[in-house]
Structure formats: C-alpha cells, structure tokens
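Me: Hi! I've got a structure here and would love to talk through some of its side chains. Could you take a look with me?
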Amino acid sequence: MNNALNQLQPYPFEKLRALLGTVTPNPDKRAIALSIGEPKHRSPSFVAEALASNLDQMAVYPTTLGIPALREAIAGWCERRFGVPALWLDPARNVLPVNGTREALFAFTQTVVNRGEDALVVSPNPFYQIYEGAAFLAGAKPHYLPCLDENGFNPDFDAVPVEIWQRCQILFLCSPGNPTGALIPLDTLKKLIALADEHDFVIAADECYSELYFDEQTPPPGLLSACVELDRKDFKRCVVFHSLSKRSNLPGLRSGFVAGDAEILKGFLLYRTYHGCAMPVQTQLASVAAWNDEVHVRANRALYREKFDAVLAILAPVMDVQRPDGSFYLWPNVAGDDAAFCRDLFEQEHVTVVPGSYLSREVDGTNPGAGRVRMALVAPLAECVEAAERIRDFVLRRA
C-alpha cells in the first residue's frame, strides 16, 4: 500500500458524524442541515433536456480532450466573464473539461509536483481538504497559510518566508474562499503572479464559488482577470478551476473545466489520458448549454441574496457574523469551543453545522478555524430562516 495513505486525516464530515453520534437530537424538531455545501436549488431544466436528448452518445467513447463545442463554450464564457480578449484562450490548448473540480484538483497535483523531501504545496488554512490529501499522495508536504479575521480572512502572503516560496511547487488559492467566503483582491493576485515568476511555482486557483456574489454590477475578479491586466497572454504558471456545481446547481453532473497555461495543460492532458477520466459526451453537450446561459445563474444568485439577507437579519444581533464577499457560507465566531457548539446545537435544536477546527489544521499551536463554525445556506429559504431562528434561540440561552 502507498505509505502516504497513512498521512491522510479523516474527512471533516467523518469527524462530524463521530461528534454528533454521541448525542440524540431533539425529537420535537425536524432536522435542518447547514453542514454539507451541496446546492439545493433546482437544476436548470434546459440542461436536463440537453442531457436527455443526447443519451444516444452513451454508445460513443469520449475523448479526454473533450469535444470542440464544449471547449469553445468554456473559452467564450471566460472571455465574457473575466474580460479575456478574444483568441487569448485557444480552446484546443488552454482549456480542458474535467469531471468536477474535486477530481481535477487532485489529479492536477499529481501531474505538477516533483516529489521530494523539499517539495511543498502551499494552501490557505482553513482549506478544502483535497489540497492536503493531493499534496501527500503526490509526495509533497502541505504548508498552511492562516486565514485570520485581521487580514480579511485571506492569507498574509507578505509574511511568507522566502524559503517557503523557494520550495513551493503549487500555490492553491480559493476565491471566494471555503469556508470564509473571502475574495482575494486583484492586486494581490498580480503580486502572487510575480512571486510565481520569481520562484517558479504554479498558481492553482480554485474558483468554484466565483459565480456566487452579491453585486450584479461588480462580478469578482479571478486569476484570469489578473493575467489580462498584466497582458499575460500565455497565462504562464496560472491555472484556474471552475465548475457547474455551484454556478448552475448541477453537483451531480460532475462537470467543470481547467484553463490557463497551455504547457502545463499539455502535461495534465497526458496524465488524464492515462488516468481514464474522460467526460461522457452527453454530459459535455449538456454542459455546453449551461456555460452558454447566464439567466439561470443570475436567478440563482438572487435566491442566495434573499437567504443571506433573511438569515443575517436574525443572527447578526446575537452573533459575531458578517456577510462574506461571496460563496454560500457564513463563518461566525462562536466565542468558544466550536465542536461543543455544534454538538449542543444539534442536540437541542436539531440543526447541523460544521466546527471550524475540522476544516483547518493547527500550526504552531494555533488553529485558525477554532472558535468558528461553517453554515452552508443551501437549504430552501424557509428552512434557512427556521434554522437561523433556532440558532438565535440557542445562542441566547447560552449567553
């Protein structure tokens, strides 16, 4: 067996099940889950229709590179969304379809990392656990950058020692962040590109929450936006990951893409050819329909805005909680033992949230997620409001 498997920690939801398994929830209240970040809004009917009308493609072996129509649709969306000039993104060289960002983030790490004692994969802390597991199984060590309130819940990149950048092979970014919802400013992205050039590492920007934001007039920038501002037509050392899961409420479609540096994607395509992860053609055709439509995405954001407005009106008077820059998470400070908060809330109110300490790692005696919990506002509006009211009552009883 691969010895690196021994370095993998239990997934946060395994820890949560063990924690909640020690208590019995209030039988007088129905269960409301704000724990797993699984979108619950209705999937677009036109995507389902595109999938159903192309089921005859199940008789066709898909290619790893994907059909031209999908890669062209993705390149066109990047041009519209991030202001990438026409022809900068070559659909044949700068774009790869993937089966959701989770498998792509893992496989990408296996492709890029040159394993060795000095190899580092740098990521935010808290973080999406795939970053850590992918690093270990690629033969690298994870290095965690704390995301603290005093720095807007983004890493303090200026505080990172030069020797860490020198050993870094991949820098993972997540913007808006999971679980904090923090957005990395455009100027910071440009500074990180300069660091990548100086120390020769790859920036892997996980932007799967990029389409969940509040101001329709000001879409948040991404790594491609920074490349445009820098006139970086080759996207050197820059790769972005996007998904239809959150944007289009299609987590079960398992469809996303990777775009950026053509030389890196050439190696990634080779890895994926052996990996055996081609997206079914019928899924690709359904994905074309999703990437080419923004009406359903705007409607999706409106539903989340409504939930954030309602829930924050209930919780803000009794908790230290703020509206994030984006995503569908709240990251409140519970001023104490976050695991005990989650356990007692489940027992008394039958509401499930995730301890922040389960989503991060302790470094130098400090866990940046400790004392906070993650609430995913994915349930219908009425359930989110009911959950918020129960949480408010629970907090007031503990005061």
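Me: Let's jump right in: is Phe-341 buried or exposed?
Reply: Happy to help! This is a predicted model, and in it Phe-341 has a relative accessibility of 2%, so it counts as buried, the cut-off being under 20%.

Me: How many aromatic pairs does the structure hold?
Reply: There are 18 aromatic pairs in the structure. One of them is Trp-77 with Phe-82: the planes sit at 90° and the ring centres are 5.7 Å apart, so this pair is edge-to-face.

Me: And are those two, Trp-77 and Phe-82, buried or exposed?
Reply: Trp-77 is buried at 1% relative accessible area, and Phe-82 is buried too, at 6%. Ring pairs also join both of them with Phe-257 and Trp-291 in a cluster.

Me: Back to Phe-341, which residue does it form an aromatic pair with?
Reply: That's Phe-394, in an edge-to-face pair with 5.1 Å from centre to centre and 85° between the planes. The pair links distant parts of the chain, 53 residues apart: Phe-341 belongs to helix α13 (residues 338-349) and Phe-394 to helix α14 (residues 381-398). Phe-394 is buried, with 0% relative accessible area.

Me: New topic: what lies over the face of Phe-214?
Reply: Arg-323 does, at 5.0 Å from the ring centre.

Me: Last one: where is Ala-52 found?
Reply: Look in helix α2, which covers residues 45-52. Ala-52 has 48% relative accessibility, so it counts as partly exposed. Its C-alpha atom is 8.0 Å from that of Gln-282, although the two are 230 residues apart along the chain.

Terms used: Residues are numbered from 1 along each chain as its sequence is written. This is a predicted model: local features need pLDDT of at least 70, side-chain atom pairs count only at pLDDT 80 or more; totals for chains, interfaces and linings use all residues. Side-chain values use heavy atoms; hydrogens and water are left out. Helices (H or I, at least four residues) and strands (E, at least two) are DSSP runs, numbered from the N terminus. Buried means under 20% relative accessible area, exposed over 50%, partly exposed in between (1.4 Å probe, protein chains only). Rings of Phe, Tyr and Trp (its six-membered ring) pair if their centres lie within 6.5 Å; planes under 30 degrees apart count as stacked, over 60 as edge-to-face and the rest as tilted. A charge sits over a ring if NZ of Lys or CZ of Arg is within 6 Å of the ring centre and within 35 degrees of the ring normal.
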